[in-house]
There are 2 protein chains.
Amino acid sequence: MSANARETLLAAAARLIAREGARRLTLDAVAAEARLSKGGLLYHFASKDDLIRGLVETLVAQFDAEVETNSVPGTPGAWTRAYLDATVKPPVSRTDTQTTGEASGHGTALTSAGIAAAVANNPSLLEPVREAYRRWQRNLESDGIDPIDATIVRLACDGLWFSDLIGLDPLPEPLNHAVVTRLRATTTGAHVTETVSILPADENLPR
Amino acid sequence: MSANARETLLAAAARLIAREGARRLTLDAVAAEARLSKGGLLYHFASKDDLIRGLVETLVAQFDAEVETNSVPGTPGAWTRAYLDATVKPPVSRTDTQTTGEASGHGTALTSAGIAAAVANNPSLLEPVREAYRRWQRNLESDGIDPIDATIVRLACDGLWFSDLIGLDPLPEPLNHAVVTRLRATTTGAHVTETVSILPADENLPR
DNA sequence: GTTAGTGTACCGTCTGGTTGGTACAGTACC
DNA sequence: GGTACTGTACCAACCAGACGGTACACTAAC
């Protein structure tokens with residue numbers, strides 16, 4: 001377990017935040033969650049800030065990888081579409097181990113854990129996120145489509161992320177699907193005007 | 001000062017978060033910022049959670065009031081447009097007193113202070129926000145325009161809010177203006193296709 | 001026997017909250 | 001109009017627990 005101890009610890013930290021909120025992210029708690037001693041934890045992460053840094057960097061790297069995977073370069077709007085997909089795609093939880101499903105019922109999902117922890121503890125740890133966004137915004141603006149459209153798609157994605165971060169109700173399902181579809185259509189430059197009336201029943205659009 | 005002591009304290013707390021981050025929101029610090037003793041603070045707010053609750057509720061109430069002010073009922077999309085305006089409008093800072101501008105340069109603006117504090121300390125304090133969003137989403141979906149469009153505008157607004165919360169770079173100015181304009185146009189049902197090319201110089205669009 | 005990795009015990013500080021008070025304005029009663 | 005009493009607003013000092021971090025002993029592997 002030594003080689004991936006870091007990952008185990010990061011996953012434990014993320015799980016903890018998702019379950020009990022950022023305030024409960026204490027070294028003791030993380031160590032316990034990862035079934036390790038505090039000493040062991042501090043061997044891998046020199047400080048709490050260091051741990052959160054790891055969380056944030058992992059988050060950014062994962063999202064980057066996800067976008068990279070989804071992106072099929074060549075077509076205009078490909079990167080923007082990949083950004084959308086990476087946001088929407090159900091995040092594959094890294095928590096395969098220890099499935100003690102004692103969900104205490106609040107939103108903060110694993111993906112947002114790093115952000116929450118950084119906001120709670122030390123906003124300057126968000127710097128990697130800020131830097132990533134600079135990069136992402138650059139990519140969006142030079143994606144071969146109208147940068148305004150691309151930016152709106154980005155903002156909507158961020159809105160979905162925000163919603164997840166603070167545990168808002170997800171959009172009701174037919175609407176959610178329609179919104180994502182509409183956003184994706186935006187990235188192709190095709191200005192679809194097919195007004196989907198309130199509560200459309202066509203749930204089975206091609207994925 | 002006794003009557004508005006609560007407001008003074010809330011403003012002090014918000015200022016503190018904006019300036020030094022949510023972690024620094026301690027009872028001592030808030031009291032000092034408001035030039036009051038901790039005992040005095042605890043007279044008005046029974047606990048730290050109570051203080052944060054006040055912060056969150058004020059935030060929701062302010063936003064609600066802002067939307068209400070901006071909304072001109074009757075025309076389709078009016079509410080959605082008001083939501084957009086309330087988000088974009090430069091928040092009139094309530095901090096008229098004590099203008100010690102020692103901004104230490106990170107994002108968390110006054111508007112987001114309550115959210116940040118709640119995320120950091122006790123996510124369950126976000127319940128009023130969740131409830132408000134249920135209400136808002138209902139209003140958006142019955143605003144006389146395509147609910148998909150309305151929802152996308154909402155999500156983009158939330159994206160802007162999120163951006164502010166974690167202190168991302170604001171959008172470069174011509175783009176920002178264009179995005180807001182495009183979003184507003186969406187709320188009128190008018191599907192504008194005037195593709196503003198990369199970096200448009202026409203900054204002086206009619207407000 | 002050296003090194004990577006982990007555990008135990010402990011320390012100092014921070015911080016939320018309590019306690020016991022002060023100052024003072026109002027007011028009811030005689 | 002003086003006295004007893006109440007409620008509001010605030011303060012200084014203190015406390016107990018939590019928490020980040022340190023020190024160091026131990027062990028398994030090579």
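How far does a polar side-chain atom of His44(A) lie from a phosphate oxygen of DNA strand C? In this predicted model, the distance is 2.7 Å. Allow me to begin with the surroundings of that contact.

Two further residues, both of chain B, approach phosphate oxygens of DNA strand C. Leu27(B) does so through a backbone N or O atom, at 2.9 Å, while Lys48(B) uses a side-chain N or O atom, at 2.8 Å. Two elements each supply two or more residues to the surface near this strand: helix H3 (38-44) of chain A and helix H3 (38-44) of chain B. Of these, H3(A) gives the most, with three residues.

In total, 13 residues surround DNA strand C, and among those that come nearest are Ser37(A) and Lys38(B). By class, five residues of this surface are nonpolar, six are polar and two are charged. On the DNA side, 54% of the strand C atoms within 4 Å of the protein belong to sugar or phosphate, and the rest belong to bases.

I turn next to the two protein chains. Chain B superposes on chain A, with an RMSD of 0.1 Å, after a rotation of 180 degrees and 0.0 Å of shift along the axis. The chains are therefore related as by a two-fold axis. The same surface serves both copies, for 100% of the contact residues of chain B recur in chain A.

Finally, the interior. The largest nonpolar core has 123 residues, and Ile115(B) and Ile166(A) are among those with the most contacts inside it. Helix H8 (residues 147-165) of chain A contributes the most, eleven residues. Ile115(B) touches Ile166(A) of the other chain, and its contacts within chain B include Leu59(B) and Trp161(B).

Technical notes:
Residues are numbered from 1 along each chain as its sequence is written. Chains are lettered from A and ligands numbered from 1 in the order in which they are written. This is a predicted model: local features need pLDDT of at least 70, side-chain atom pairs count only at pLDDT 80 or more; totals for chains, interfaces and linings use all residues. Side-chain values use heavy atoms; hydrogens and water are left out. A nonpolar core is a set of buried Ala, Val, Leu, Ile, Met, Phe, Trp, Tyr and Cys residues joined through side-chain atoms within 4.5 Å. Buried means under 20% relative accessible area, exposed over 50%, partly exposed in between (1.4 Å probe, protein chains only). Helices (H or I, at least four residues) and strands (E, at least two) are DSSP runs, numbered from the N terminus. Contact means heavy atoms within 4.5 Å. Copies are superposed by least squares on the C-alpha atoms of residues with pLDDT of at least 70 in both. A residue is near a molecule or strand if one of its heavy atoms lies within 4 Å of it. A polar contact is a pair of N or O atoms within 3.5 Å; within protein, one must be able to donate a hydrogen and the other to accept it, and residues adjacent in sequence count only if both atoms are side-chain atoms. Ala, Val, Leu, Ile, Met, Phe, Trp, Tyr, Cys and Pro count as nonpolar, Asp, Glu, Lys and Arg as charged, and the others, Gly among them, as polar. Lists of a residue's contacts leave out its neighbours within four places in sequence.
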